[in-house]
Amino acid sequence: MIRLEIEDFLFHEAALLDAGRYAEWLDLLHEDFLYRVPVPLAREDPTQSPYDDVLEFANESKSFLEMRFRRISSDFAWAERPAAMVRHFVSNVRVIPQDEGDELEVHTNVLVTRARLPEQPVWATAGRRDRIVRHDGGFLLRERVVHLDAEVPTESQLGVIF
Amino acid sequence: MTITKAVPRSFYKDPAVLDRELTEIFGRNWLYVGHESEVPAVGDYVTRSMGGDPVIMARGQEGIRVMLNSCTHRGTQVCKVAHGNTTTFRCGYHGWVFGNDGELRGVPGRRALYGPDFDLSRLGLRQARVETRHGLVFATWDPDAPDLTAFLGDFGWYLDAFFGLFPGGMEVHGGIHRVNVRGNWKIHAENFSGDGYHLQVAHRTMFELGVMGDQAGTVEGFVVNDPSGHCLRSQYLADEGVPETVFGYEDHLLEPALAAADPEVRRFREKTTVIHGLVYPNLLLITTAPQYFGEDASGPVAFTQLRVLTPIDQHHHEVAYWSLVPRDASPEWKAKSYLYVTRQHGAASYFEADDLENFRRIDAGLGAVAGERTPYNYELGLDAAESGAPPWNGPGRITRQDFTEANQRTFVGRYLEQMGERA
């Protein structure tokens, strides 16, 4: 059953992020991977998407994410010292059938907690729209769009990869 | 200039001080509210804050107005969303209706309940004074404030050099995004006013990752300030003969703009690699042309960012971010400039994270009794020359010295003066 396979992949991917095993996480990304967090805005018209077409909290390619992780290993990445404890709770996994190709669209809900001890943890919720492709008997993430549930998040909420 | 008194630490944590700031600082100065390009058509509006006051910036038939987002009956917010287009704002409590110019247009049951002589004209939404410069919309609640040109003083020349370079003007790309950060707003303001000293420590990883590329020639910094609190810091190429700064704009825009520019403005812009500053009290600006943010963002592309700081409480503030692009730039270039600013200076960027982390740690280190006895130190560069010979002639008090807190002292001095405390 495809959903179980996808869940295994997503739980593994989340576990790598939570454990700070970034090199292994990068190996799960397609070369053209793009990570986007569009800005949600309250709208007058309830039929309009609340996610802005232009504004983004984040737009990160695989090579930019490599820079992000190279930075984390530096002693001068102040916002990462002490390192945060991060936990992903991934649920409501839905695999959306596609007409053609071997690409899957996968919708999930996530709750992500982040604690920089000794401070109390903060959390954020979001919907994710992933595009996932089959590769070498497994999967690769091709795109992740994060639909955050906060219009004015805190910098702590924005300090994670969802 | 010497400073005999720093801001007491209580000014970063006393709620009574914040109340006074909202009156004396945010209630009296000109505050940047938004850009004309955010409301291009009649009926367009955005909602914003002026210190503690929620406002609507709307374009009516007679131009742009800034008005209090609060019904004149019981004070309910009349507009709840970030932006839109409307002819009227209807209060959801008792149904009072205001035009997009703020005039009170209708009151349910008016004649029967309030009588025939009830005068709607005195109950429009409260209006702020509005003036614009290069499309930047400023507003103030103070009827006695000097006009915007007088308020900006010597800084007006720099705003012109910043936003008036391209004949077609600049526009906001997309709109604003906002983030809620820990730390008193004044720490963020003075950082942007001219802290060249923190770069090699706080932002060391940015240089290590090659974001700024290899800079040819000797780079020096200078700061400029105006007694009314406005500040600017810039890095420039000190060597004559090295290639001009990489601007990161499209040639078809840049060449005619430079050819038409005032020679001193041209020299100022050509020589500088990064410019950032503070329009007192809470508008921050920066322009630079970073070189590398990954394989899909390689090569110099300029960005211009504006930020407004709004206190939430004494320990938190909201930052609103605007990205400005030349109106006549290509759509592809505009998208790339926005990508660069998002990766370097967006709320979720990891370079921004280092500044926000320091603001957070300052808040965590405020302390109480012993903290209050340990004022912050503002002595850096006190002995530096107050004027030198920068590679252009511009107004303001110029210090040709990067490692100086002349701007922070200017900000603090003006702030204390407005708060009724002698610096």
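Author: Strands (E, at least two residues) and helices (H or I, at least four) are DSSP runs, numbered from the N terminus, and A:Asn92 is found in one of the strands, β3 (residues 85-96) of chain A. This is a predicted model, in which local features need pLDDT of at least 70 and side-chain atom pairs count only at pLDDT 80 or more, while totals for chains, interfaces and linings use all residues. Residues are numbered from 1 along each chain as its sequence is written, chains are lettered from A and ligands numbered from 1 in the order in which they are written, and side-chain values use heavy atoms, with hydrogens and water left out.

Reader: What makes the phi of A:Asn92 a point to mention?

Author: Most residues other than glycine have a negative phi, and most peptide bonds are trans. A:Asn92 is not a glycine, yet its phi is positive, at about 55°. B:His134 likewise has a positive phi without being a glycine, here about 50°, and B:His134 lies in the loop between β9 (129-133) and β10 (136-140) of chain B.

Reader: Which residues does a cis peptide bond join in chain A, and which in chain B?

Author: In chain A the bond is between A:Leu117 and A:Pro118, with omega at about 5°, and A:Pro118 belongs to the loop between β4 (103-115) and β5 (122-135) of that chain. In chain B the bond is between B:Tyr280 and B:Pro281, where omega is also about 5°, and B:Pro281 is placed in the loop between β14 (272-279) and β15 (283-288) of chain B.

Reader: Why is the meeting of A:Glu151 and B:Arg178 called a salt bridge?

Author: The term asks for a side-chain nitrogen of Lys or Arg within 4 Å of a carboxyl oxygen of Asp or Glu. The N to O distance between the side chains of A:Glu151 and B:Arg178 is 3.2 Å, and therefore the pair satisfies the 4 Å limit. Between chain B and chain A the count of salt bridges is six.

Reader: How do you know that chain B and chain A are in contact, and how many residues take part?

Author: Contact means heavy atoms within 4.5 Å, and by this criterion 43 residues of chain B touch 36 residues of chain A. The area buried between the two chains (accessible area, 1.4 Å probe, lost on putting them together and summed over both) is about 3,500 Å², with 56% of that area given by carbon and sulfur atoms.

Reader: Why is the second largest enclosed space called a cavity, and what is its volume?

Author: On a 1 Å grid over the protein atoms alone, a cavity is a set of points where a 1.4 Å probe fits but cannot get out, whereas a pocket is an open set with protein on both sides within 12 Å along at least five of seven lines. A volume is the space filled by probe spheres set on grid points joined across faces, edges and corners, and for the second largest cavity this comes to about 80 Å³. Its lining, residues with an atom within 4 Å of a point, has 14 members, with B:His177, B:Tyr321, B:Ser323, B:Tyr338 and B:Val341 nearest the centre. Elements giving two or more residues to that lining are β11, β17 (316-326) and α10 of chain B.

Reader: How many residues line the largest pocket, and which lie nearest its centre?

Author: The largest pocket, with a volume of about 780 Å³, is lined by 40 residues, and B:Val46, B:Thr47, B:Arg48, B:Ala82 and B:Ile176 lie nearest its centre. Strand β11(B) gives the most to this lining, with seven residues.
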